[in-house]
Amino acid sequence: MPEKPFLSDIRTLRERARRHIENGAITEGYKADRATVVKILNEALATEIVCVLRYKRHFYMASGINAESVAQEFLQHANEEQAHADAIAARIVQLGGAPDFSPEGLLTRSHAEYVEGDTLVDMIKEDLVAERIAIDSYREMVAYLGTDDPTTRRMLEGILAMEEEHADDLSGLLEELGS
Ligand SMILES: [Fe+2]
Ligand SMILES: [Fe+2]
């Protein structure tokens, strides 16, 4: 008598789970190209680190009549970009890769730029440009992953939503400052 497919499915699942146990969370059912995903995530990590550095610089350099509330916004964004960097690095490790924190080549790996800006308005504009670059690159990564790696995709979707909030905050600040 042939086995019911459901039972043999479970057996297959169990056998597959035992093979390559050293791969941890990465099972044979993982559909994405792992090396490419790690490479993309390392570019995103570089982008987030550059954004942390730029927001920190802007936080410390913000001065003028409207500086206090704008500086607080810069600081909040810096902390949120740091949280993004941490989440991305953790996911890279989960995928069996190594997060690239090397300062060498950081700006080349990053999608967004590091522009210091002379005035408060210049700083906000540069941050807005960087957020808009991040938004487009995260949207592309999400589309690339599709259903091949839902966990990474969900993480990137969460980050994307926050970058959109950042961009919205910054354009609000520009409006308040009449620029
Ligand atoms: Fe971010
Ligand atoms: Fe952001």
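Colleague: How do I read accessibility here: does Y60 count as buried or exposed?

Modeller: Start from the cut-off: over 50% relative accessible area is exposed, under 20% is buried. Y60 has 62% relative accessibility, so it counts as exposed. Keep in mind that this is a predicted model.

Colleague: And what about F59, buried or exposed?

Modeller: F59 has a relative accessible area of 18%, so it is buried.

Colleague: How do I read aromatic pairs, and how many does a search of the whole structure find?

Modeller: Two values describe a pair of aromatic rings: the distance of the centres and the angle of the planes. The search of the whole structure finds two such pairs. One is Y55 with F74, at 6.2 Å centre to centre. Their planes make 40°, and the pair is tilted.

Colleague: Which parts does the pair of Y55 and F74 tie together?

Modeller: Y55 sits in helix α2 (residues 34-61) and F74 in helix α3, so the pair joins parts that are 19 residues apart in sequence. Both Y55 and F74 are buried. Now take F59 and Y60. Their ring centres lie 4.8 Å apart and their planes are at 65°, so this pair is edge-to-face.

Colleague: Which residue lies over the face of Y55?

Modeller: That is R54, at 5.1 Å from the ring centre.

Colleague: Next, the metals. Which residues are the protein donors of the iron ion (ligand 1)?

Modeller: Look for the protein atoms that reach the metal. For the iron ion (ligand 1) these come from E48, which gives two OE donors, E81 (OE), H84 (ND1) and E163 (OE). They lie 1.9 to 2.4 Å from the ion. The donor residues are spaced E-x32-E-x2-H-x78-E in sequence. H84 in helix α3 and E163 in helix α6 are 79 residues apart, and the pair links distant parts of the chain. H84 is buried at 7% relative accessibility. E163 is buried too, at 1%.

Colleague: Which residues serve the iron ion (ligand 2)?

Modeller: Its protein donors are E81 (OE), E131 with two OE entries, E163 (OE) and H166 (ND1), at 2.0 to 2.3 Å. Here the spacing is E-x49-E-x31-E-x2-H. E81 lies in helix α3 (residues 67-94) and H166 in helix α6 (residues 150-176), 85 residues apart. Both E81 and H166 are buried.

Colleague: What does E81 bridge?

Modeller: E81 bridges the iron ion (ligand 2) and the iron ion (ligand 1), which lie 3.9 Å apart.

Colleague: Last, helix length. How many residues has α3, and how far does it reach?

Modeller: Compare the actual reach with the expected one. α3 has 28 residues and spans 40 Å from its first C-alpha to its last, close to the 40 Å expected at 1.5 Å a residue. After α3 comes G96, with a positive phi near 85°.

Technical notes
Residues numbered from 1 in each chain as written. Chains lettered and ligands numbered in written order. Predicted model: local features only at pLDDT ≥ 70, side-chain atom pairs only at ≥ 80, totals over all residues. Heavy atoms only, no water. Donors = N, O, S within 2.8 Å, 3.2 Å for Na, K, Ca; no water. Helix = DSSP H or I, 4+ residues; strand = E, 2+ residues; numbered from the N terminus. Buried < 20%, exposed > 50% of the residue type's maximum accessible area, 1.4 Å probe, protein only. Phe/Tyr/Trp six-rings, centres within 6.5 Å; stacked < 30°, edge-to-face > 60°. Lys NZ or Arg CZ within 6 Å of the ring centre and 35° of its normal. Expected span 1.5 Å × (residues − 1).
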